[in-house]
Amino acid sequence: MGSPLSSFLKQNKPLFFRIFFILFFSCIPDTANLCSNLSLATTAVQTHSASSDNHFSLKKLTLDGHFSFENIHYAAKDFGNTYHFHPSAVLYPKSVSDISSTIKHIFNIGTASQLTVAARGHGHSLQGQAQAHQGVVINMPSLQEPVMKVHTGELPYVDVSGGELWINILHETLKNGLAPKSWTDYLHLTVGGTLSNAGISGQAFFLVAGKGDVLTCSEQQNADLFHGVLGGLGQFGIITRARISLEPAPKMVRWIRVLYSEFSIFTKDQEHLISSESSFDYIEGFVIINRTGLLNNWRSSFNPRDPLQASKFNSDGKVLYCLEMAKHFNPDEAGIMDKKTESLLSKLSFIPSTLFQSDVSYVDFLDRVHVSEIKLREKGLWEVPHPWLNLLIPKSKISDFAQQVFGEILKDNSNGPILIYPVNKSKWNRKTSFVTPDEDIFYLVAFLSSALPSSRGTDGLEHINNQHQRILDVSTRANLGIKQYLPHYSTQKEWQAHFGPQWKLFVQRKYAYDPLAILAPGQRIFQKAIPFL
């Protein structure tokens with residue numbers, strides 16, 4: 001599928017948007033008391049009477065939408081399909097005021113209730129992050145405001161709901177010949193969820209946090225909250241609206257794949273491309289483990305530049321590295337496109353016989369992952385456990401990592417795609433909550449595994465989890481300085497180590513905007529302060 005981070009990391013294009021938050025404002029305690037109310041989030045057991053009281057109090061709220069207390073088991077599932085925490089209720093909001101009223105109500109109850117709130121888009125979290133045990137899950141796709149509206153002009157933009165899918169934004173903006181400036185690999189994600197996990201960057205938005213106040217945030221207005229929510233894992237507010245900047249949309253994409261057998265050459269070419277003033281519009285790499293027949297699988301949609309040589313290529317069981325690139329163009333620019341791509345490719349050192357390319361529509365390229373989803377659903381292989389592991393690795397350590405992981409741990413098999421590409425951190429705003437390695441250039445390595453629920457072999461959940469733990473253990477022992485993307489930890493000490501020097505600011509922001517730890521309990525960073533029942 002690819003991570004929500006992909007477009008932000010690879011393209012680093014500024015994307016203008018407004019996010020509207022519902023905020024939980026209260027006094028900011030001094031740093032001496034930062035740990036007096038918030039503690040490590042753990043699953044608590046709620047009594048039946050407390051649950052009934054919660055239902056009764058929620059039913060009294062006057063809303064445009066409604067609460068559901070029955071048939072809500074779906075809110076205890078997600079794409080990862082390994083964690084299942086059942087809520088007490090699901091809110092189907094029709095307006096921002098529904099979300100605001102619900103959070104205000106829970107905030108005003110205070111510590112007398114253990115109710116928490118989680119915003120759920122289309123359930124693409126991996127480890128229960130969008131779940132709320134015995135709390136309230138907000139079904140964000142139900143939010144009907146604002147109605148999506150494209151504003152054309154010198155600086156075009158579109159206003160969208162935080163529960164809107166990127167695929168819907170694409171189709172709507174294309175009606176005006178426009179499109180957002182950068183994308184995730186997978187378009188069937190919501191705007192709010194993408195932004196909360198450091199997906200696509202921007203300049204302003206509309207959001208809901210602490211006491212239920214609705215605020216507009218930008219780099220000039222409520223700037224601390226604006227930066228905090230980007231990559232803030234939903235801890236500071238619920239994004240209810242975003243303003244996304246647009247640009248003229250191309251009609252076609254030149255889609256290219258090439259192979260490498262030497263990791264050092266592969267990474268050198270990737271780093272060259274992300275540092276060049278003139279480059280491709282999309283750059284991504286992936287690792288191919290023991291896949292001799294891969295080229296034959298590409299032939300249906302990619303054309304080899306040298307069919308005869310390509311037919312003779314054999315991987316000999318080696319680990320190979322694929323560089324995937326794309327360049328946007330319009331049909332009347334085909335000649336110019338040929339020259340541009342030839343010039344860019346001439347500076348790379350891939351295996352010549354493995355150059356494959358295809359010209360596809362802009363929409364087909366952007367929605368390419370969804371095609372694979374449909375095929376997997378047809379085979380019953382979509383709703384299986386997905387124990388993904390996403391790592392950010394400093395450039396200086398990527399060769400050591402590759403040697404130990406691709407050369408030793410995973411040399412015989414993998415259970416899904418392995419993405420790998422470098423990121424130039426110097427090109428983005430460093431004030432956000434997103435945590436990265438210390439070096440200016442680092443690599444995203446994503447192990448996008450799928451497990452067969454009944455298997456006890458190498459494609460089983462236990463084996464994959466053990467394999468991932470070996471990767472983490474090796475990285476720790478070698479002191480590689482990695483950070484996890486979409487992190488999942490079991491102790492607050494681990495979270496503190498993850499954030500490092502940013503931990504103090506992260507905790508201060510939590511107290512400023514969500515002092516009772518009502519929001520995003522599924523991240524299991526903080527626990528709402530409640531009395532024993």
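Biologist: Let's start with one residue. Where in the chain is Thr116 placed?

Modeller: Thr116 sits in the loop between helix H3 (96-109) and strand S4 (117-120). Keep in mind that this is a predicted model.

Biologist: Is Thr116 buried or exposed?

Modeller: The idea is to compare relative accessibility with a cut-off: buried means under 20%. Thr116 comes out at 7%, so it counts as buried.

Biologist: And which residues does Thr116 touch, leaving aside its neighbours within four places in sequence?

Modeller: Thr116 is in contact with Ala132, Gly135, Val136, Ala517, Ile518, Pro521 and Lys528. Two of those names are worth following up: Ala517 and Pro521.

Biologist: Go on, then. Where is Pro521 found?

Modeller: Pro521 is in the segment after helix H16 (503-513). With a relative accessible area of 18%, Pro521 is buried. Look at Gln235 as well: the C-alpha atoms of Pro521 and Gln235 are separated by 8.4 Å, while the two residues are 286 apart along the chain.

Biologist: What about Ala517, and what is its phi?

Modeller: Ala517 also lies in the segment after H16. Its phi is positive, about 55 degrees, although Ala517 is not a glycine. At 3% relative accessibility, Ala517 counts as buried.

Biologist: Which other residue that isn't glycine has a positive phi, near 60 degrees?

Modeller: Asn81 is a case, with phi near 60 degrees. Asn81 lies in the loop between strand S2 (66-68) and strand S3 (89-92). Asn81 counts as buried at 19% relative accessibility, just inside the under-20% cut-off.

Biologist: While we're on backbone angles, which residues does a cis peptide bond join?

Modeller: Check omega: here it is about 0 degrees for the bond between Glu145 and Pro146. Pro146 belongs to the loop between strand S5 (136-139) and strand S6.

Biologist: Now helices. How do I read which way a helix faces?

Modeller: Start from the general geometry: an α-helix has 3.6 residues a turn, so residues three or four places apart point the same way. Then list what is buried. In helix H4 (residues 166-174), that means Trp166, Ile167, Ile169, Leu170 and Thr173. Those residues cover an arc of only 160 degrees around the axis, which puts them on the same side of H4.

Biologist: What covers the buried residues of H4?

Modeller: The cover includes strand S6 (149-151), strand S7 (157-161), strand S8 (178-180), helix H5 (191-196), strand S11 (238-248) and helix H11.

Biologist: Let me try H12. Which of its residues are buried?

Modeller: In helix H12 (residues 368-378), Arg368, Val369 and Glu373 are buried. Seen down the axis, the buried residues of H12 fall within an arc of 150 degrees, so they line one face of the helix.

Biologist: And which exposed residues does the face turned away from the buried side of H12 carry?

Modeller: Lys375 and Glu378. On the buried side, the cover includes strand S12 (252-260), strand S13 (282-288) and helix H11 (362-366). After H12 comes Gly380, with a positive phi near 70 degrees.

Biologist: What residues make the nonpolar surface patch of about 200 Å²?

Modeller: Leu376, Leu381 and Leu452 make that patch. Leu452 comes from the loop between strand S19 (441-447) and helix H14 (461-477). Leu452 has 34% relative accessibility, so it counts as partly exposed.

Biologist: Back to helices: how far does H7 reach?

Modeller: To check a helix for regularity, compare its end-to-end reach with the expected rise. Helix H7 (residues 263-275) has 13 residues and reaches 18 Å from first C-alpha to last, close to the 18 Å expected at 1.5 Å a residue. The buried residues in H7 include Phe263, Phe266, Leu273 and Ile274, along with Asp269, Gln270 and Glu271. Their cover includes S12, S13, strand S15 (320-329), helix H13 (398-409), strand S18 (418-424) and S19.

Biologist: Zooming out, how many helices and strands does the chain have?

Modeller: There are 16 helices and 20 strands. Buried residues make up 58% of the 533 in the chain. Of the contacts between residues at least 6 apart in sequence, 80% join residues at least 24 apart. The chain exposes about 22,300 Å², and carbon and sulfur atoms supply 50% of that.

How values were computed: Residues numbered from 1 in each chain as written. Predicted model: local features only at pLDDT ≥ 70, side-chain atom pairs only at ≥ 80, totals over all residues. Heavy atoms only, no water. Buried < 20%, exposed > 50% of the residue type's maximum accessible area, 1.4 Å probe, protein only. Helix = DSSP H or I, 4+ residues; strand = E, 2+ residues; numbered from the N terminus. Arc of directions from axis to C-beta. Contact = heavy atoms within 4.5 Å. Patch = residues over 30% accessible without salt bridge, like charges linked within 9 Å, V, L, I, M, F, W, Y side chains within 5 Å. Areas by Shrake-Rupley, 256 points an atom, 1.4 Å probe, with all protein chains shown as cover. Salt bridge = Lys/Arg side-chain N within 4 Å of Asp/Glu carboxyl O. Expected span 1.5 Å × (residues − 1).
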